[in-house]
Amino acid sequence: MAPRAPRPSIRRTRRGARNGADTYRQQWSWDSVAWGTHCVDCYPGSCVYHVFVKDGKVAFEEVAGNQPAPFEGVPDGNPMGCQKGAAWSRTLYGEERVLYPLRRKGERGEGKWERVSWDEALADIADHILDAIEEAGPETIVHEMTPAEGGTMAMWPTQRLLVGLLGGVATDVNAVINDFQPGHYITWGKFNPVSGAGSQSYTKLRLIWHSNPVYTTIPNYHATPEGRYQGCEVIHFAPDCSPSHIHADYYFPVGAGTDAALALAMCQTIIEEKIYNEQFVKEQTDLPLLVQRDTRRFLREADLKEDGSEEQFYAWDTVKKRLAPAPKATLRWGKVKPALEGEHQVRLKDGSRVVVAPVFALLREKLNREYTPEQASEVCGVHPDVIQSVARKVASKPTSIAMGMNLCKYYHGDLVQRAMLLLMGLTSNWGRLGSGIGSWTPGAGLEGQNLFGLKQRPGLAETRRILEMRAGMERMAAAQVGDDTQEIAAIDGIVNAARAGVVGMVPPAFFWYYHCGYRERWNNREWNDPAMKRSFDEYLQEAVQSGWWEGVIKPDADKPPRVLFEVGGNMLRRQRGGRTHLLRHLWPKLRCIVSIDWRMSTTGRYSDYVLPASQHYEKPNFHMASPALLQLKYSDNATKPEGESLSEWDIFRLLAKKIEERAKAREFVEYTDSVGRTRRLDNLYYAMTLGIEDVDQLIDEWVRDTVAAGMMAKGESLKTMRKKGHATFTSVSQNVYRLNQATDVEPGKPYTSLTWHTEKRLPYPTLTRRAQFYIDHPWFLEAGEELPAHKENPKMGGDYPFVLTSGHNRWSIHSMNITNRMMLQTHRGRPHLVMSPQDAQARGIEDDEEVRVFNDVGEFLVPVKLSPSCRPGQVICYNGWDPYQFRGWRGPMDLEPGMVKWLHLAGGYGHLRYWPIQWQPVPVDRAVRVDVVKLNGARV
């Protein structure tokens with residue numbers, strides 16, 4: 001048992017007490033207490049709990065409330081918890097818990113299982129892996145990556161064995177869950193800048209936009225009403241009247257998916273009233289850069305000189321009345337005064353003359369032509385006076401947008417995000433205290449994990465050797481940077497590594513297209529943007545043949561996947577397009593499907609093996625750390641795992657041993673992967689573990705190596721983390737995702753991203769090296785999306801009268817807690833569809849009546865919850881219900897076509913290139929078209 005953490009002030013009573021008061025107290029007695037947190041995709045999460053154990057079982061947990069204020073003058077984050085965390089221990093002992101290794105006995109999905117030993121299960125899985133490698137190559141082993149349930153200890157060993165050592169592929173997690181913000185990436189060359197709670201305490205205007213934080217960020221929401229005590233105004237934009245509107249100063253209903261029109265009308269007001277920040281616009285953005293009127297392309301040096309660069313751009317200097325090249329190494333213009341307005345003639349290298357104008361002038365024309373407040377009001381439903389009033393507020397004070405992970409799931413969510421960022425860019429609302437827009441990022445993680453993958457033996461001597469070698473490489477790279485920043489150089493490095501096939505993570509769009517049956521859906525013109533001039537196939541083939549996705553299309557089109565691992569996720573619930581599509585197209589190709597989970601999920605039901613993983617509180621683990629928090633939160637093994645469940649470290653450690661054993665027996669110990677690397681299997685176990693078997697020893701190695709790297713205080717170890725429940729980062733890794741934050745990390749000071757750009761004037765990692773609002777890629781020009789614009793949602797799923805929207809519900813993180821009996825008691829206890837009483841009356845539908853929801857993709861049955869909070873023409877089915885809670889195991893995911901936007905296949909253009917968790921096509925599921933009818937005896 002781990003050392004006890006400091007105990008809360010609850011009286012511990014003797015057993016056997018009989019009076020009423022003592023009987024009640026007996027319920028809250030315990031034998032031991034440990035630190036715990038829930039290492040799930042609950043960003044930024046990291047809530048600290050005391051976990052109380054009695055008679056060898058977790059009796060209850062409660063928030064520790066031990067978070068200090070980040071710095072003077074800012075409230076602490078306590079209590080940091082939610083009702084899911086306070087009831088998490090119920091999931092350890094629920095009926096859905098899997099306690100022993102199970103092997104499919106009947107057909108997949110039939111529900112017939114036999115209990116087998118770990119040795120028997122791992123031997124058979126090892127043989128399937130070896131068969132796949134020997135017959136088709138390691139790239140046919142697929143890990144459907146997810147951050148959902150297992151935390152660091154689920155992701156790291158899975159990736160290390162399947163991808164790092166065997167050469168399998170992992171589908172990019174940010175596409176799988178679709179938390180990628182494409183509009184951010186198009187604008188900044190990165191999607192993931194975030195700011196800490198301390199910086200957000202300085203916000204004077206918070207726009208809750210495409211977010212419902214009262215539901216989705218319960219531990220952190222108190223910062224919003226606390227900010228109001230400091231003079232922060234809160235405005236909520238949403239189609240429905242969600243719980244987050246209750247504590248806002250203003251709530252303005254906006255039509256689903258029409259937010260770009262709203263934001264662009266605000267931009268029109270700001271420009272026409274000349275209340276934009278001119279210096280910020282000229283330095284930080286591409287708005288001063290010149291565009292040729294006839295071709296609509298940037299004016300480049302290659303247009304002016306025979307040997308000119310395609311990546312040198314120009315502004316018009318109002319002082320010297322001539323072209324001025326845009327600096328590449330800095331955002332400062334020096335003595336140049338770039339124009340934002342006007343037209344000028346320039347001579348091209350062929351002697352012809354063309355008219356050029358700044359992007360700002362083109363933008364102003366577009367806004368005045370299409371997005372006046374009156375015009376936008378007709379689209380989005382927000383009154384023109386309101387649009388102008390909010391625009392003036394944004395321009396006059398530090399503003400942040402509390403944007404969740406909803407907007408990225410709209411087909412044209414990228415356009416909305418680009419419009420939002422244009423609003424923030426005009427008003428200098430990023431890179432300063434109290435400003436910014438919501439996203440998420442990895443990047444502050446345990447550096448010891450990265451070092452472990454490079455070591456040949458355990459111990460600090462080997463760690464120091466690796467650190468010295470890495471420092472030398474960094475010095476060499478710094479000497480060759482030239483005009484590039486460290487961030488740009490790091491991105492170039494990881495892009496090249498991905499193309500060389502040494503990263504392992506791949507964009508899954510091609511996997512879905514070639515192997516999962518999405519080709520037919522994505523080619524449905526009626527479900528796509530009418531601006532597409534060609535078929536989806538033609539765009540994809542151009543992207544592939546042009547080499548834009550070289551090295552990352554795996555498994556190859558002619559190599560069907562053979563083995564699928566799902567670790568802590570639930571592909572058949574989460575995948576857009578749902579269970580039926582994957583079972584029809586992907587499942588028949590798979591020789592072996594392995595689900596590693598603590599519960600029986602929908603994916604587990606259709607797997608060949610279900611291997612029981614230990615739960616939170618049953619294994620040592622870490623929450624994914626964010627650089628905005630600068631703390632690594634520890635969750636201890638407060639009690640022994642239930643049944644025969646094992647930690648993911650032990651599962652993959654033992655699997656590595658079994659693969660090595662079976663490979664030697666089969667005399668197959670060496671092979672070459674698709675990029676020519678020789679891999680050996682006769683030393684696989686040592687390569688996986690470096691001789692470390694005990695998970696406590698492994699974690700202690702990681703922590704001590706992180707200290708050696710200078711990122712934690714001297715003396716930190718597993719022992720100190722067990723005592724405190726956390727460790728504080730003194731600095732963070734200089735990996736590419738950390739560099740994307742473009743800010744200095746100083747403990748005790750507010751964390752605000754992008755200050756390297758706004759204060760140090762370092763370039764952005766985009767084609768123009770500025771925040772880029774104009775994209776002159778041929779596809780974007782063809783689609784009319786060179787500038788932010790509003791476009792109607794395509795009729796995905798067919799021409800039906802309702803738009804189906806979603807979002808995270810209040811009662812579960814994804815589907816992890818949705819069957820927790822305590823959570824079930826806090827709502828109706830089953831899935832429901834929120835519907836306007838007006839629409840329900842027109843169809844003769846009553847509250848709690850079961851209805852049929854359908855479109856051209858599929859159908860499902862669900863009870864209706866009537867609520868005037870839902871606007872007419874909209875229905876809401878929150879995300880997170882498990883399919884087996886619906887009749888026929890069909891839910892809203894079975895109505896989602898899983899469309900991707902064709903423009904996100906674009907490449908060969910500056911920053912439009914793939915690297916892990918960044919630029920790639922991602923599936924969308926918001927505003928799918930459906931109809932809702934009375935059941936009338938129908939069955940699914």
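The legends below walk through several close-up views of this predicted model.

Residues are numbered from 1 along each chain as its sequence is written. In this predicted model, local features need pLDDT of at least 70, side-chain atom pairs count only at pLDDT 80 or more, totals for chains, interfaces and linings use all residues, and side-chain values use heavy atoms, with hydrogens and water left out.

**View 1. Helices H11 and H15 pack against each other.** Helices (H or I, at least four residues) and strands (E, at least two) are DSSP runs, numbered from the N terminus. Here helix H11 (residues 259–272) meets helix H15 (residues 373–380) at an angle of about 170 degrees, and their axes are 9 Å apart. That makes the two helices roughly antiparallel. Axes are lines fitted to C-alpha atoms, for helices over the stretch in contact, and angles run from 0 to 180 degrees between N-to-C directions; under 35 degrees counts as roughly parallel, over 145 as roughly antiparallel, 65 to 115 as roughly perpendicular and the rest as oblique. On the H11 side look for Ala261, Leu262, Ala265, Gln268 and Thr269, which meet Pro373, Ala376, Val379 and Cys380 of H15. By class, this contact has seven nonpolar, two polar and no charged residues. Ala, Val, Leu, Ile, Met, Phe, Trp, Tyr, Cys and Pro count as nonpolar, Asp, Glu, Lys and Arg as charged, and the others, Gly among them, as polar.

**View 2. Helix H15 has a buried face.** Pro373, Ala376, Ser377 and Cys380 are the residues to find in H15, and they are buried. Buried means under 20% relative accessible area, exposed over 50%, and partly exposed in between (1.4 Å probe, protein chains only). Down the axis of H15, the buried residues fall within an arc of 110 degrees, so they line one face of the helix; the arc is that of the directions from the helix axis to the C-beta atoms. An α-helix has 3.6 residues a turn, so residues three or four places apart point the same way. The buried residues of H15 pack against strand E10 (250–253), H11 and helix H16 (384–396), where contact means heavy atoms within 4.5 Å. Just after H15 comes Gly381, with a positive phi near 90 degrees.

**View 3. Helix H25 also shows a buried face.** In helix H25 (residues 578–585), Gly578, Arg579, His581 and Leu582 are buried. Viewed along the axis of H25, these residues stay within an arc of 170 degrees, so they line one face of the helix. Their cover includes helix H22 (518–522), helix H24 (571–574) and helix H26 (602–605).

**View 4. Strand E15 pairs with E11 and E14.** Two strands pair if DSSP finds at least two bridges between them. Strand E11 (residues 290–292) runs antiparallel to strand E15 (residues 353–358), joined by three bridges; Gln292 has Val356 as its bridge partner in E15. Strand E14 (residues 344–347) is also antiparallel to E15, over four bridges, with Val346 bridged to Val354. The hairpin of E14 and E15 has five residues between its strands, and Gly351 there takes a positive phi near 95 degrees.

**View 5. An open sheet of eight strands carries helices.** The strand order is E5-E4-E21-E20-E19-E6-E7-E18, with mixed pairing. Strand E5 (113–115) and strand E18 (505–506) stand at the edges with a single partner strand each, so one side of each has no neighbour in the sheet. Strand E6 (residues 141–143) and strand E19 (residues 563–567) run parallel, joined by three bridges, and Val142 has Leu564 as its bridge partner in E19. Helix H4 (residues 118–136) packs on the sheet, touching strands including E4 (102–104) and E21 (609–612), and its direction makes about 125 degrees with that of E21. Helix H27 (residues 648–666) lies across E19, E20 and E21, at about 160 degrees to E19.

**View 6. Ile692 sits in the loop between helices H28 (684–689) and H29 (695–708).** Is Ile692 buried or exposed? Ile692 is buried, with a relative accessible area of 0%. Leaving aside neighbours within four places in sequence, Ile692 is in contact with residues including Phe452, Pro458, Trp649 and Arg653.

**View 7. Six strands close into a barrel.** Go round in the order E27-E31-E28-E30-E29-E32, with mixed pairing. Neighbouring strands of this sheet are turned by 45 degrees against each other on average, direction ignored. Strand E27 (residues 802–805) and strand E32 (residues 928–934) pair in the antiparallel sense over three bridges, and Leu804 has Val928 as its bridge partner in E32.
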